[in-house]
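Trainee: Got a minute to walk through this model with me? I'd like to start with one odd spot in the backbone and work outwards.

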Amino acid sequence: DDDVCVASNMEGGKHLVLVASPFQGHMTPMLQLGSVLYSKGFSITIAHTKLNSPDHANHPEFLFLPLSDNFLAIDASANFTKFLELLNDNCRMQLQDRLTQKIQQANHQIVTIIHDNSMYFAEEVARNLNLPSIVLRSCSASYMPAFLALPKLHADGLLPVQDSMLQKLVQELYPLRYKDLPFNNTCTEISKEMLALSERIRTPSAIIWNTMDFLENSALTKLQQHYQIPIFAIGPLNETARCQSTSFLKEDTNCITWLDKQAPRSVIYVSLGSLATMDENELAETAWGLANSKQPFLWVVRPGSVKGSEWIEFLPYGFIEETRGRGLVLKWAPQKQVLAHTAVGGFWSHCGWNSTLESISQGVPMICQPFFGDQYVNSRYLSYVWRVGLELECLERRVIVTAIRRLLVDEEGEETRKQANNMKEKAKYCLCKGGSSFNSLNNLVEFILADCN
Ligand code: UDX
């Protein structure tokens, strides 16, 4: 097929080193990117930390390069930027040494290093080895203009946001309100440190964005002007990659049998991703909201996600009896399969970017409850711009019941459901021959090959 650009030879051929981050929401798209580029004829090494290592057995097509990071776990309460700095410091020399060896052995022609934006040490290694580097961004494009505006907002004394400002629109970031800003509720220092970290990446030759042009055209145009290097929007990677499970936690597939028994589009699926946490009171409101909605539900409560407990010890008394047969609580779901299931009618989500793309790809309308960072921006776009989600105003049982019933049962939700289906069709079209992501991927392959010829 003339339109499909393929790296010519597999045998000891063009080799890409992909440097992945130990966060689930970043590891998944990196493995998916690896699988997509492998299908284009490149051989792939995944360099990863030993902390949250991907399961090698699930990806026989890749070589792996584990790096000792000296961490036992991601400590959610610790200083996040300090953690990233240490991680980068601990991995830098190892990657450089291992790649130098590989290059000397000459059995691999490493042509490019592609790295997660938070693994900025990889760029320094690429520079030292005289290799081009490309960054993978696994957040939305729409998040970045808000992120880049933070210094000015700080300078104007607008952060952290005062209560009286929360609902007001931010000038120049339409349609974001102050409450939709990343780091709107964190101290000034954290957002400054995050920005400083992002500036550690100095000379990437291009950026790969896991998004679609039709969805984020205006943000992508702004970013193109800002970065002045090629940006390849090749998403949604969850649809193109032929990957087995990329989960760190064991996926409980029994829920699929349970879903098989539920009526079409009746179930609300609840998952808040791999990092968000809630307290005992929020757990209770969520539980009674689900119970009182009278709809079937599939609820992922990640172990450790309820502060002070191992799993669901704090579930309110009477909840299990009240919802027996109508609800299932589990530790980790095969989310892509769940969203593709005909019984699922809505996704109550923290609006992480992977979850957002997976939901859009399956045409599942959402209830949006952002927790931090890019999730606020995604939530605003989902509910106000793309109109495939309802914003959850607050975590109170009565508000939850109204949102679930609006999305799944009431006439009012019909518009959102239709729009979600519409988006699903558009997302599919992007990946077809001649679609924007299809073309961008071919351009990316050409770009990489041009650099090494
Ligand atoms: C993080 C940030 O929170 C997010 O905002 C950012 O955009 C990416 O990094 P995370 O919180 O884990 O990610 O959310 P998300 O991006 O949605 O990724 C979670 C992944 O875990 C998804 O691919 C989802 O399919 C998967 N998942 C989640 C499961 O497979 N099973 C589950 O039960 C829950």
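Mentor: Sure, and keep in mind that this is a predicted model. Let's begin with Arg 387, which sits in the loop between helix 14 and strand 13. Its phi is near 55°, a positive value in a residue other than glycine.

Trainee: Is Arg 387 partly exposed or buried, and why?

Mentor: Partly exposed, because 17 other C-beta atoms lie within 10 Å of Arg 387. The cut-off for buried is 20 or more.

Trainee: Which other residue, apart from glycine, has a positive phi near 55°?

Mentor: Asn 52 has one. You'll find Asn 52 in the loop between strand 2 and strand 3. With 19 C-beta neighbours inside 10 Å, Asn 52 counts as partly exposed too.

Trainee: Why flag those at all?

Mentor: Because most residues other than glycine have a negative phi, and most peptide bonds are trans.

Trainee: Then which peptide bonds are cis?

Mentor: One runs from Tyr 174 to Pro 175, with omega near 5°. Pro 175 belongs to the loop between helix 5 and helix 6. Another cis bond joins Gly 235 and Pro 236, where omega is about -5°. Pro 236 is in the loop between strand 7 and helix 8.

Trainee: Back to strand 13. What sheet is it in?

Mentor: An open sheet of 6 strands, in the order 10-9-8-11-12-13, with parallel pairing. Strand 10 and strand 13 are the edge strands, and each pairs on one side only. On average, neighbouring strands here are turned by 15° against each other, ignoring direction.

Trainee: And which strands does helix 14 lie across?

Mentor: Strand 12 and strand 13, and helix 14 runs at about 115° to strand 13.

Trainee: How is strand 9 hooked up to its neighbours?

Mentor: Strand 8 and strand 9 run parallel, joined by 3 bridges. Between these two strands, the chain goes through helix 10, in a right-handed β-α-β crossover. On the strand 10 side, 4 bridges join strand 9 to its parallel partner. If you want pairs to click on, Trp 299 is bridged to Val 329 in strand 10, and Val 300 has Leu 330 as its partner there.

Trainee: Where do the strand 9 side chains point?

Mentor: Phe 297 and Trp 299 point one way, Leu 298 and Val 300 the other way, and all are buried. In a regular strand the side chains alternate between the two faces of the sheet.

Trainee: What about the sheet with 7 strands?

Mentor: That one is open as well, ordered 3-2-1-4-5-6-7, and the pairing is parallel. Strand 3 and strand 7 each have a single partner strand, so one side of each is left without a neighbour in the sheet. The twist averages 25° from one strand to the next. Strand 1 and strand 4 pair over 6 bridges, and His 15 stands opposite Ile 110 in strand 4. Helix 2 lies across strands 1, 2, 3 and 4, at about 140° to strand 3.

Trainee: Last one: what surrounds the ligand?

Mentor: 25 residues, and the closest are Gly 25, Gly 273, Gln 335, Gly 352 and Ser 355. The shell divides into 7 nonpolar, 15 polar and 3 charged residues. Helix 1, helix 12, helix 13 and helix 14 each supply at least two residues of the shell.

How values were computed: Residues numbered from 1 in each chain as written. Predicted model: local features only at pLDDT ≥ 70, side-chain atom pairs only at ≥ 80, totals over all residues. Near = placed C-beta within 6 Å. Nonpolar A, V, L, I, M, F, W, Y, C, P; charged D, E, K, R; others polar. Buried ≥ 20, exposed ≤ 12 C-beta atoms within 10 Å, placed from the backbone. Pairing = 2+ DSSP bridges. Right-handed = clockwise from strand over helix to strand, strands pointing away. Axes fitted to C-alpha atoms, helices over the stretch in contact; angles between N-to-C directions. Contact = placed C-beta atoms within 7 Å.
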